[in-house]
Amino acid sequence: MDLTRRNAAHLLAGSIAAAVTAPSLLAATPALARTNLSPASWPAADLRKYTRAQLHDRTAAGAAMGTRGAVTVSYNAFAARAGLEALKQGGSAVDAAMTTALTQIALTAGAPVSYFGIQSLVYYEAKTGKVYTMNAEWNTVTGETDPRSIPGGIDLSSEAGRRGSGATSGRTALVGGFLKGVESAHKRFGKLPFASLFDPAIFVAEEGMPVSTELAGQFKFRRDDLARLPETRATFLKPDGSPYAAGETFRQPALAQTLRNIAEAGAGYVYGGPWGRKLVDAVRANGGKMTLDDLAAYEVIWAEPISAPLAGGYSVFTNPWPNSGGTSLIEAQNVAAVSGFSEGPHWTTDGDALRKALDITTLGYISELPAAAVAAALPGIDMSPEARVTMKHAEEIWAAIRDGKALVPFAKATVRHSDDVVAVDAEGNIAAITHSINSLIWGKTAIAIDGITIGDPGSFQQEAIAVTGPGKRLPAITETGILMKGGRPVLGFASMGAGLHHKTFQCLQNVTAFGMNVQEAIDTADFFVPGLDLATMEQTVHVPRGRFDPAVLDATGYAWKEFPMNEARLGGEGKWVAISRNPDTGLLHAASHNRSNSDAVAF
């Protein structure tokens, strides 16, 4: 096997970071008239342009500059334009971020992201100078008392393995907080009417969008699973049972009505309301143990951020535990500092530097491997979340690496995915969110309730669920945050994909240690999450084809493999998008992902 289970967990995750044009409020402000964000009201040229953009995969980062507002995404240019519309009509950073996220799910037919998925948020409020974080990740099911017996598994080395193994089961469903997060963040920081945020998603669901080559491939890939249940079959397949093909129009009328209901009634419609009752019935009919109490008890977690100094006088603010990704982000940047990595040379030109970068980013497995395995590989080092963000811990970790200890070793050299958005304005409000279905393309169970998809994140996280316990918040590896310099916010970022930890490490180093702008940081050659052979427990370096000098790769002493652009996602790429803001001039520079139908927009 050449890829890790982690790839399946975040292969198609989605994230959004946004900072917008108007100061945010602590509570939603009533509007005198209903704000209309529907694409039907956009200029006709924009509607045509961004509909076509959904079918185009770029080969370099999209970029845009402005002073009043900007949005950038790693996937779905149409959704970026929807978020920009929220900014143009006086919305806050949270309004723009949530509008974009809601639209992304409709555009992707709920395959990589879901309205019953997860999200995390980092928000900078300009008027108070305070950073907030919100966790709306998975809750485990209270009645699930034997999670290690949940059926399922994923093997990304074959197409059959990617579809998932084991019997389909409702036990693989967890309690997602996406819509609770949308509502909670809007109540704190939104300005537009809550219902307006749903306008673009309802338009996409009702009017339909042309099916891209990628989505057509996903329909074909999951066709048999999508045909398993009558409601899912009616939602995602044509009347004759065949999958939609590229260029055909795909509409989601049931989803459009569900979104209208949520826009009017709020998240309670899902968490214990009419939709929630249908969900529980469907999950339990498939052998699951979820109850209405699980839905009604779900609450988002608001918490103070964790922060750390970085190279170049920067500091980063990110999500605290149980978001394990924030801990991993700071841990890796600290090790980069104590190891001298941040002083150069750049890893794209020097084999020793590349080897050091690979060794440092492998530490991301600390949050995912069993504690006993981590202790055996790196004995005597405190691995608590509190310790891992300290420089003392970084020094101990780097000393262990220098002594030849490895959490997961690399094979020796021989002959030879979810979505992102960022928006910023003259006020400097910044919101960064990551959202995901946390399953591989709908998931094998393929349950759909009134157009909303239910993933199977429990099918590959049995051990983590067991360690977390019933009815509790499951740790998440997303890495999203805000950079400050001189006490002022200068950049918002979000990341996704199997290699999100590796991409975030590289892009933050590119900006803070090597002085690159956001566009340069994204377009610089990057390495992916390494492939892992579960038979030997050895890693192989994964890189995009033609971006690294083979001599540099050989100089690491590690085995390596190149992937063409169209296989980058399965190769373990990460996506990182960002917008920088000059605090003196207000100039915004937005940059999107460089290997997708992404875009950056500004005004």
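**Salt bridges and the pairing of strand β5**

The count of salt bridges comes to 20, a salt bridge being a side-chain nitrogen of Lys or Arg within 4 Å of a carboxyl oxygen of Asp or Glu. The structure is a predicted model, in which local features need pLDDT of at least 70 and side-chain atom pairs count only at pLDDT 80 or more, while totals for chains, interfaces and linings use all residues. Residues are numbered from 1 along each chain as its sequence is written, and side-chain values use heavy atoms, with hydrogens and water left out.

A good place to begin is the pair formed by Arg 58 and Asp 599, whose closest N and O atoms are 3.3 Å apart. Arg 58 has a relative accessibility of 18% and counts as buried; the term buried means under 20% relative accessible area, exposed over 50%, and partly exposed in between (1.4 Å probe, protein chains only). Its partner Asp 599 is buried too, with a relative accessible area of 12%.

The salt bridge between Arg 148 and Glu 463 has another setting. Here the closest N and O atoms are 2.9 Å apart. Arg 148 is exposed, at 54% relative accessibility, and Glu 463 is partly exposed, at 34%.

Next comes Lys 503, which forms a salt bridge with Asp 526 at 3.1 Å between the closest N and O atoms. Lys 503 belongs to helix α20 (residues 500-512), whereas Asp 526 sits in the loop between α21 (518-523) and β17 (531-533), so this pair ties together parts that are 23 residues apart in sequence. Helices (H or I, at least four residues) and strands (E, at least two) are DSSP runs, numbered from the N terminus. Lys 503 and Asp 526 are both buried. The two residues also take part in a network of salt bridges that links them with Glu 573, Lys 575 and Arg 595.

Turning to the strands, β5 (residues 130-136) is mostly covered, with six of its seven residues buried. Two strands are taken to pair if DSSP finds at least two bridges between them. Strand β4 (residues 118-125) runs antiparallel to β5 and is joined to β5 by seven bridges; in this pairing, Val 122 stands opposite Thr 133. The two strands form a hairpin with four residues between them, and Gly 129 in the turn has a positive phi of about 70 degrees. Strand β8 (residues 301-303) is likewise antiparallel to β5, with three bridges joining them. Within that pairing, Met 134 of β5 faces Trp 302 of β8.
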